[in-house]
Amino acid sequence: MNTTHAACAPRELPDGLVLREAVPGDLEQIGALLAGRGAEEDALDHRLVVTDPDAGWSACAVVVDGDRVVSTATLLDEEVRVGDVRLPVGQVELVATDRAYEGRGLVRALMGWAHERSAARGHVVQVMIGIPYFYRLFGYEYAIDIPPALAVTVPPSGDGTPALRAARPDDVPALAALQDAVQAPFDVAVPHSAPR
C-alpha cells in the first residue's frame, strides 16, 4: 500500500470557510464535534488515528470558520480481502458537521477531499459504514449487509469464573485472533492492520 501522504492545500469555500488538513491544535475541537454529533468514543477513535504514525494528521481534514472547526472527516487506509486477493481501499470515517453549518455542502467538500486523497494513495475502491442512504449522495452503493453486533453486558456462562471487563493492551492479540477467525469463512472481509 502506498504510504506517502500528499499534503492537502487549503481550499476556500463559500462564506469565508476554509477546508484544510487538520493540525494538532484542532484536536480538542474535533473531539468535541465528533462526540457531540456521534458518540464519545468517536473522539477517542480520532485521537488514535491522528497519533498513529502510519496515519497521522494528514488522514483528517477539517472545515474551519476562522479558528473554529465546523466540519471534519477522516480517511483511513484499509484493505479488503476478496478470496485470496488483497486490495488497498480507503474508508471514510468520523464525519461530523456543527448543526449551525449544516446544508452548506461541507460534507460534500470533505468527501471530495477524501476521494482525491484516496485516489492519490492508490486505493482501488472505497468502503463505507455509515448512515443508511446518506452516502448515496456521494456515489456510494450498499453492497453487503452487516448484521447488528450484540452488546455483551453479562458475562457468558461456562467453566471457571467469567469476568466482564474493559479490554487492555495485552488483550489485543486474542481480540485480533478472534476477528481473524470470524472473518476467515467469508469471501469478502476487511481485516484490520496490526496497529489498528
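**Exercise 1. Tyrosine 140 and its ring neighbours**

Classify tyrosine 140 as buried or exposed in this predicted model, and state which aromatic residues it clusters with.

Solution. Step 1: the relative accessible area of tyrosine 140 is 10%. Buried means under 20%, so tyrosine 140 is buried.

Step 2: a pair of aromatic rings is described by the distance of the centres and the angle of the planes. The structure holds two aromatic pairs. In one of them, tyrosine 135 and phenylalanine 138 lie 6.0 Å apart, centre to centre, with 50 degrees between the planes, and the pair is tilted.

Step 3: the ring centres of tyrosine 135 and tyrosine 140 are 6.4 Å apart and the planes stand at 85 degrees. Planes over 60 degrees apart count as edge-to-face, so this pair is edge-to-face.

Step 4: Tyr135, Phe138 and Tyr140 form one aromatic cluster. Tyrosine 135 is buried at 6% relative accessible area, and phenylalanine 138 is buried at 14%.

**Exercise 2. Methionine 111 and the nonpolar cores**

Find which residues methionine 111 touches, leaving out those up to four places away in sequence, and describe the largest nonpolar core.

Solution. Step 1: with that exclusion, methionine 111 touches Val92, Met128, Tyr135, Phe138 and Tyr140. Three of these names, Tyr135, Phe138 and Tyr140, are the members of the aromatic cluster.

Step 2: the largest nonpolar core comprises 21 residues. Met111 is among those with the most contacts inside it, along with Leu13, Leu19, Val63, Leu106 and Trp113.

Step 3: strand E3 (60-65), E4 and helix H3 (106-120) each supply at least two residues of this core. H3 gives the largest share, seven residues.

Step 4: another core, of 14 residues, lies apart from the largest one. Its members include Ala22, Ile30, Leu33 and Leu94.

**Exercise 3. A nonpolar patch on the surface**

Name the residues of the nonpolar surface patch and place valine 82 within the fold.

Solution. Step 1: the patch is formed by Val82, Val85, Ile144 and Val188, which together have about 330 Å² of accessible area.

Step 2: valine 82 belongs to strand E4 (residues 68-82). At 39% relative accessibility, valine 82 is partly exposed.

**Exercise 4. Three salt bridges**

For the salt bridges of aspartate 15, arginine 47 and arginine 136, give the partner and the N to O distance.

Solution. Step 1: the structure has eleven salt bridges. Side chains of opposite charge can pair when their charged atoms come close.

Step 2: aspartate 15 pairs with arginine 104, with the closest N and O atoms 4.0 Å apart. Aspartate 15 sits in the loop between strand E1 (11-12) and strand E2 (18-21), and arginine 104 in the loop between strand E5 (85-97) and H3, so the bridge ties together parts 89 residues apart in sequence. Aspartate 15 is exposed at 63%, whereas arginine 104 is partly exposed at 38%.

Step 3: arginine 47 pairs with glutamate 28, with 3.2 Å between the closest N and O atoms. Because arginine 47 is in helix H2 (residues 40-50) and glutamate 28 in helix H1 (residues 27-37), this pair ties together parts 19 residues apart in sequence. Arginine 47 is partly exposed at 36%, and glutamate 28 is exposed at 56%.

Step 4: arginine 136 and glutamate 141 form a salt bridge at 4.0 Å, N to O. Arginine 136 is partly exposed at 39%, while glutamate 141 is exposed at 63%.

Conventions: Residues numbered from 1 in each chain as written. Predicted model: local features only at pLDDT ≥ 70, side-chain atom pairs only at ≥ 80, totals over all residues. Heavy atoms only, no water. Phe/Tyr/Trp six-rings, centres within 6.5 Å; stacked < 30°, edge-to-face > 60°. Buried < 20%, exposed > 50% of the residue type's maximum accessible area, 1.4 Å probe, protein only. Patch = residues over 30% accessible without salt bridge, like charges linked within 9 Å, V, L, I, M, F, W, Y side chains within 5 Å. Areas by Shrake-Rupley, 256 points an atom, 1.4 Å probe, with all protein chains shown as cover. Salt bridge = Lys/Arg side-chain N within 4 Å of Asp/Glu carboxyl O. Helix = DSSP H or I, 4+ residues; strand = E, 2+ residues; numbered from the N terminus. Core = buried A, V, L, I, M, F, W, Y, C linked by side-chain atoms within 4.5 Å. Contact = heavy atoms within 4.5 Å.
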